[in-house]
Protein chains: 2
Amino acid sequence: MLSRASKYAILSTLYLAEHASKEKKMSVKKIAEAIDVPSPFLAKLFQQLVHAKIISSIKGPKGGFFITKKNGEKTVCDIIENIDGLHKLNECFLGLNECDGENPCPVHFIVEPFKRNILGKFRDKSIMEFSKEVADNGRFLTLKHLDLD
Amino acid sequence: MLSRASKYAILSTLYLAEHASKEKKMSVKKIAEAIDVPSPFLAKLFQQLVHAKIISSIKGPKGGFFITKKNGEKTVCDIIENIDGLHKLNECFLGLNECDGENPCPVHFIVEPFKRNILGKFRDKSIMEFSKEVADNGRFLTLKHLDLD
DNA sequence: AAATAAAAAGACCTTTTTATCTTTTATTTA
DNA sequence: TAAATAAAAGATAAAAAGGTCTTTTTATTT
């Protein structure tokens, strides 16, 4: 449904939102290590996110990435739109070109409510709100293998 | 979520279930045309499905693919398992390695019920039952651009 | 038996996605 | 102002997915 690129972008943006600010910028390398994604790949993604004004960056020593108040008003939808394109979230689960209430695929009425639900979540909550929720609930965002015992 | 290969395999198996039988076998070419998928690619997929005893085939003139009563007892889950592997249906929506009720990703509680739902549908209904449902509801299974006006 | 039709098998090609490497540019600090 | 640091930009490489082609095998029909 989502490409790995979008997933990386979402996770690292949420990570940024929680852990960085204009006063505490973070380098790609640190973020990549924290959530365990390949750092040159993440660097590329961040270029796109900066371009789309979803995150901010400053070059040079003490530089890095961070999220401004304005950035934080963007949504996860904006991330997906800029990396994968929103259609990726809307495609028919079985790949039919025309699949809607009028002409549904065999699983349309199972998939459709889910899509509406997740799209709503991604569109109606700002990244800052989303990030706050994640932090409040103590959720991890890393791809690392957690050692829970 | 599902690869194109799995989607092709599901659609064409359901198509077979509805339109072919031991008495009326169908060639790859005809099926590929009917649902508009690349026929050499479908041929490859069908090899795997025959191997997994999800569909049957006879070589030579008047040969082709069809579904026996025994075949029809298999499920869509079986198809997915043989083409993509079932894990594809179970992966975390945001790509986290460990994502469950104990340690949920930010959208886990939206995604999990949906996954249970669709997995149930794919596992508890046989291909024959599934196909009957599709036929009864007059659903189309083609990837073609339908001319509805 | 020969011709033919269809699937099986396997090699091969193309495109997309994922990932890396190198060079350039901007910023800071000593 | 030089050295160091970090992102930007762009070229390249590797892997996976998607798709095609050719040859072989099997079965049927004439």
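**View 1. Where DNA strand D meets the protein.** Of the strand D atoms within 4 Å of the protein, 65% are sugar or phosphate atoms, and the rest belong to bases. This is a predicted model, in which local features need pLDDT of at least 70 and side-chain atom pairs count only at pLDDT 80 or more, while totals for chains, interfaces and linings use all residues. Residues are numbered from 1 along each chain as its sequence is written, chains are lettered from A in the order in which they are written, and side-chain values use heavy atoms, leaving out hydrogens and water.

**View 2. The residues around DNA strand D.** Look for Lys44(A), Gln47(A), Ser57(A), Pro61(A) and Arg4(B), which come nearest among the 24 residues around the strand; a residue is near if one of its heavy atoms lies within 4 Å. By class, this surface has 11 nonpolar, eight polar and five charged residues. Here Asp, Glu, Lys and Arg count as charged, Ala, Val, Leu, Ile, Met, Phe, Trp, Tyr, Cys and Pro as nonpolar, and the others, Gly among them, as polar.

**View 3. Close-up of N and O atoms beside DNA strand D.** A polar side-chain atom of Arg4(B) sits 2.9 Å from a phosphate oxygen, and one of Tyr8(B) lies 3.1 Å from a phosphate oxygen. Pro61(A) instead places a backbone N or O atom 3.1 Å from a base oxygen.

**View 4. Around Phe93(B).** Which residues does Phe93(B) touch? Among them are Leu89(A), Phe114(A), Phe122(A), Met1(B) and Val111(B), not counting residues up to four places away in sequence; contact means heavy atoms within 4.5 Å.

How values were computed
A polar contact is a pair of N or O atoms within 3.5 Å; within protein, one must be able to donate a hydrogen and the other to accept it, and residues adjacent in sequence count only if both atoms are side-chain atoms.
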